[in-house]
Amino acid sequence: MDYLKAFLVGGLICALVQILMEKTKMMPGRIMVLLVCSGAVLGAAGLYGPFQEFAGAGASVPLLGFGNTLWKGVKEAVDTEGFLGIFKGGFTASAVGICAALVFGYLASLIFQPKMKK
């Protein structure tokens with residue numbers, strides 16, 4: 001049942017993003033920023049925790065989950081280090097995910113041929 005909930009919630013998020021892309025003139029980069037900011041705002045409001053508990057990976061894997069991770073990192077760093085935690089917390093909380101994305105993106109660039117023509 002956990003897999004089904006994760007699949008349905010993640011699919012619903014993707015479907016909503018696709019609707020935004022098709023029905024508005026928003027560029028994909030702006031939609032990505034909207035998702036990350038929405039995850040941070042939902043985390044700050046205390047709504048993302050119960051949502052993530054219900055949906056599991058369907059809520060934690062998309063960009064909403066990244067925004068929530070940034071928010072949690074900043075909140076914890078501010079609690080322990082004060083004002084400097086605002087600048088440091090998001091980086092430390094998301095460092096593993098960002099590093100993995102860079103490494104796997106680089107490996108993919110070595111394996112696959114680019115589709116763009118010069």
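I count two residues as in contact when they have heavy atoms within 4.5 Å, and I take helices as DSSP runs (H or I, at least four residues) numbered from the N terminus. The model is predicted, with local features needing pLDDT of at least 70 and side-chain atom pairs pLDDT 80 or more, while totals for chains, interfaces and linings use all residues. Residues are numbered from 1 along each chain as its sequence is written, and side-chain values use heavy atoms, without hydrogens and water.

I looked up how helix 1 meets helix 3, and found K5, A6, V9 and I13 of helix 1 against F51, F54 and A55 of helix 3. By class, this contact has six nonpolar residues, no polar and one charged (Ala, Val, Leu, Ile, Met, Phe, Trp, Tyr, Cys and Pro being nonpolar, Asp, Glu, Lys and Arg charged, the others, Gly among them, polar).

Next I looked up the largest nonpolar core, a set of buried (under 20% relative accessible area, 1.4 Å probe, protein chains only) Ala, Val, Leu, Ile, Met, Phe, Trp, Tyr and Cys residues joined through side-chain atoms within 4.5 Å. I noted nine residues in this core: V9, I13, V17, I31, L35, Y48, A55, A59 and L64. Helix 1 (2-23), helix 2 (28-44) and helix 3 (48-55) each supply at least two of the core residues, and the largest share, three residues, comes from helix 1.

For I31 I listed contacts with V17, L20, M21 and M26, leaving aside neighbours within four places in sequence.

Last, I checked V74, which lies in helix 5 (residues 63-81). V74 and G89 are 15 residues apart in sequence but 4.0 Å apart in space, C-alpha to C-alpha.

Technical notes: Buried < 20%, exposed > 50% of the residue type's maximum accessible area, 1.4 Å probe, protein only.
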